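Let's take a walk through this structure together, starting with the whole chain and ending inside its sheet. Please keep the 3D view open as you read.

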Amino acid sequence: VMNVPDGNTVSATEHTIAMLLSLSRNIQLGHSTLTKGKWDRNKLTGSELRGKILGVVGLGGIGSAVIELLKGFGMNQPLVYDPHLTPPEAEQTGVRPVGLDELLASSDFISVHCPLTDETRNLIGAREIALMKPTTYLINTARGGIIDEDALFDALVSRQIAGAALDCFVGEPLAEPPRYAGLDNVLLAPHCIGWT
């Protein structure tokens, strides 16, 4: 028996970035419409990463690695919410530590990388989603339950935010397709972030 906490960091990082890029460029929607015989590029207008603000919730190994790889896309200085982040760690990684509300209100892309604990359960609910810009993309590859799924569903249906990519859910494995399945502004995966 071995404890290898960083064993899937590369896989998880790449998966997070793949989901972020696919969501921001509507790859899932383009694939879906094309396989149905439709050629409708007007609905596929995406969002570039250059000059945008990345917000990271939880600056562990995966959050740090996501930030490092996304630097190459020319994103602005990342915002990080992590109550355990020390000033020397923030300076070393080149991030700006902020409160959760500021991160949610200022970020164009928000990537969640914290564990599910009593403190983080429903950390992002209806009030927090209401702080986000309508152009914000939310990515959760950490754990189901950190984001209130009912609040997120309502926000996606009403277009309160631009979209979401989810690799984890409450009550895994899911017995039936998630209700997000019919939405065109969501990208879903069955918690396969570390499967390489």
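What follows goes from the overall make-up of the chain to its strands and their neighbours. Keep in mind that this is a predicted model.

Begin with the inventory: seven helices and seven strands make up the secondary structure of the chain. If you trace them from the N terminus, you meet the order α-α-β-α-β-α-β-α-β-α-β-α-β-β. The radius of gyration comes to 16 Å, close to the 16 Å that the globule rule gives for 196 residues, so the chain is as compact as a globular protein of that length. Its C-alpha trace spans about 55 × 40 × 35 Å along the principal axes.

How does the chain divide between inside and outside? Of its 196 residues, 43% count as buried. The area that the chain exposes is about 10,600 Å², and 55% of this is supplied by carbon and sulfur atoms. As for charge, there are 15 positive and 22 negative side chains, with the centres of the two sets lying 11 Å apart. Contacts tell you about the path of the chain as well: take those between residues at least 6 apart in sequence, and 67% of them join residues at least 24 apart.

Now turn to the sheet. In what order do the seven strands lie in the open sheet? Reading across, you find E3-E2-E1-E4-E5-E6-E7, with parallel pairing. The edges are formed by strand E3 (96-97) and strand E7 (186-188), each of which pairs on one side only.

Strand E4 is a good place to stop and look around. On one of its sides, E4 pairs with strand E1 (residues 54-57); the two run parallel and are joined by four bridges. Within this pair, Val56 stands opposite Ser111 of E4, and Val57 stands opposite Val112. E4 also has strand E5 (residues 137-140) as a partner, again in the parallel sense and over four bridges. There, Asn140 of E5 is the residue opposite Val112. Val112 therefore makes a handy landmark, facing Val57 in E1 and Asn140 in E5. Finally, look at what lies above and below E4, which covers residues 109-112. Are its side chains buried or exposed? Phe109 and Ser111 on one side are buried, and Ile110 and Val112 on the other are buried too, leaving both faces of the strand covered.

Key. Residues are numbered from 1 along each chain as its sequence is written. This is a predicted model: local features need pLDDT of at least 70, side-chain atom pairs count only at pLDDT 80 or more; totals for chains, interfaces and linings use all residues. Side-chain values use heavy atoms; hydrogens and water are left out. The radius of gyration is taken over C-alpha atoms; the globule rule is 2.2 Å times the number of residues to the power 0.38. Buried means under 20% relative accessible area, exposed over 50%, partly exposed in between (1.4 Å probe, protein chains only). Contact means heavy atoms within 4.5 Å. Accessible areas come from the Shrake-Rupley method with a 1.4 Å probe; for residues, only the protein chains shown count as cover. Lys and Arg count as positive and Asp and Glu as negative; His and the chain ends are not counted. The place of a charge is taken as NZ of Lys, CZ of Arg, CG of Asp or CD of Glu. Two strands pair if DSSP finds at least two bridges between them.
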